[in-house]
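User: Hey, I've just opened this one and I'm new to it. Can you walk me through what's there?
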Amino acid sequence: MGKKTDSLGPKAIASRLKAKGLQKLRWYCQMCQKQCRDENGFKCHCLSESHQRQLLLASENPQQFVDYFSEGFRNDFLELLRRQFGTKRVHSNIVYNDYISHREHVHMHATQWETLTDFTKWLGREGFCKVDETPKGWYVQYIDRDPETLRRQQGQEKKKKRDLDDEEKTARFIQEQVRRGLKGKEQESRVYTELNRENDGEKVVFNLNKRAGTSTAPQPKPSGLKTAGTALPVKRKGIPPASGEAKEKKRKTALEEIIESEEEKKKSARANCWLQPEIVVKIVTKKLGEKYHKKKAVVKEVINKYTAVVELIDSGDKLKLGPTHLETVIPAPGKKVLVLNGGYRGNEATLVCINEKTFSATVDIESGPLRGHRVEGIPYEDISKQA
């Protein structure tokens, strides 16, 4: 009787581990997809009947099999490059080493490319990747032409354009405030002249009046005695200097005017009607029964400012309710909210944190001329979650 082999013995375990790992490329048959462990095994496989049948099939149309393996190698290589590295610039050898780490991969010697360099150049010519040669080797960068990715990029570009438009509007607003601040202010221009004496007998006279703030040109006088007499300032004790004329009113800067206008806007912009479409509210009235009490709904339409058509999130029922029958819904921090009252009414914002002691919240304004401004202490009833 033959010797019984032990499947759990160290020799059998070592054989299975070797079979699981990668073997030498020269002992791999791509047609049969069989990996041999040594030269003798590969020789026996080449003489086997199954291998001979595969060779007969391949000899009928060899180009078809080469194209098939080339397409599989290209698709798997690009899929690995897209999934693992995205659109980053990476060395081609790094991607290839990750690709051949899978045992069932398509080997390059069965494709139309002889070397990795030829394959990298082909990817660049066909437009699948951006390739460039460096002293360290060839680098590849995947070009993502997925429609979803293109739509996302277009959306990001539109968002950047909107942000630039908002910044331009804010800049124009500030310039308008500065222009209004400077309106009516006299722009005094200083005139500088040379001290030229036309006649040696004349005296040069300076006007040292502080309020004028400018030097006057020399004026010819009929006699030296009169010139000296008129040059001296005359003090009058009966008339005190006016403080309003000596000092100009301190004008406010454009930023101070903006802040004051926004504070006044906050105080005067509060309204009794806070309902806005496309916000999430909660039904607080008990007159409709327990079926609708404490249920959340979305405001679909606002009629005459004080009546809202709401649609329940759970059941889809539509109701007409007033603002006293509803209350706002505060989401988790980081979610989008809509400001319903106050100076920032109608602006979208992001909830930063909630202060439970003061029943208020802190939000970052996301739209309008004050985009990016952080507002603290805004009451719960002035914001609500967006649908």
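User: Let's start at one spot: where is S384 placed?

Analyst: S384 sits in strand β15, which covers residues 383-385. Keep in mind as we go that this is a predicted model.

User: Is S384 buried or exposed?

Analyst: S384 is buried, because its relative accessibility is 0% and the cut-off for buried is under 20%.

User: And which residues is S384 in contact with, leaving aside neighbours within four places in sequence?

Analyst: With those neighbours left out, S384 is in contact with I279, V280, T328, V329, V337, L338 and L340. For V329 there is also a polar detail: a polar atom of the S384 side chain lies 3.4 Å from the V329 backbone nitrogen.

User: OK, zooming out. How many helices and strands are in the chain?

Analyst: The chain has ten helices and 15 strands. It runs to 387 residues, and 26% of them are buried.

User: What about the accessible surface of the chain?

Analyst: That comes to about 28500 Å², with carbon and sulfur atoms accounting for 51% of it.

User: And contacts between residues far along the sequence?

Analyst: Among contacts with a separation of 6 or more, 45% are between residues 24 or more positions apart.

User: Which residues touch the most other members in the largest nonpolar core?

Analyst: Those are F73, L81, V95, F119 and L123, in a core of 22 residues. The elements giving two or more residues to this core are α4 (62-85), α5 (92-100), α6 (116-126) and β5 (137-142). Of these, α4 gives the most, with seven residues.

User: Any general reason to look for a core like that?

Analyst: Nonpolar side chains tend to be buried together in soluble globular proteins.

User: Pick F119, then. What is F119 in contact with, apart from neighbours within four places in sequence?

Analyst: F119 is in contact with F73, R74, F77 and W113.

User: Is there another core?

Analyst: Yes, a second, separate core has 16 residues, including L275, V281, Y292 and A308.

User: Changing topic: how many disulfides are there?

Analyst: The count is zero disulfides. A disulfide is a covalent bond between the sulfur atoms of two cysteines.

User: How about the cysteines C44 and C129, are they buried or exposed?

Analyst: C129 is buried, because its relative accessibility is 4%. C44 is at 47%, so it counts as partly exposed; exposed would need over 50%.

How values were computed: Residues are numbered from 1 along each chain as its sequence is written. This is a predicted model: local features need pLDDT of at least 70, side-chain atom pairs count only at pLDDT 80 or more; totals for chains, interfaces and linings use all residues. Side-chain values use heavy atoms; hydrogens and water are left out. Helices (H or I, at least four residues) and strands (E, at least two) are DSSP runs, numbered from the N terminus. Buried means under 20% relative accessible area, exposed over 50%, partly exposed in between (1.4 Å probe, protein chains only). Contact means heavy atoms within 4.5 Å. Accessible areas come from the Shrake-Rupley method with a 1.4 Å probe; for residues, only the protein chains shown count as cover. A nonpolar core is a set of buried Ala, Val, Leu, Ile, Met, Phe, Trp, Tyr and Cys residues joined through side-chain atoms within 4.5 Å. A disulfide is a pair of cysteine sulfur atoms within 2.5 Å. A polar contact is a pair of N or O atoms within 3.5 Å; within protein, one must be able to donate a hydrogen and the other to accept it, and residues adjacent in sequence count only if both atoms are side-chain atoms.
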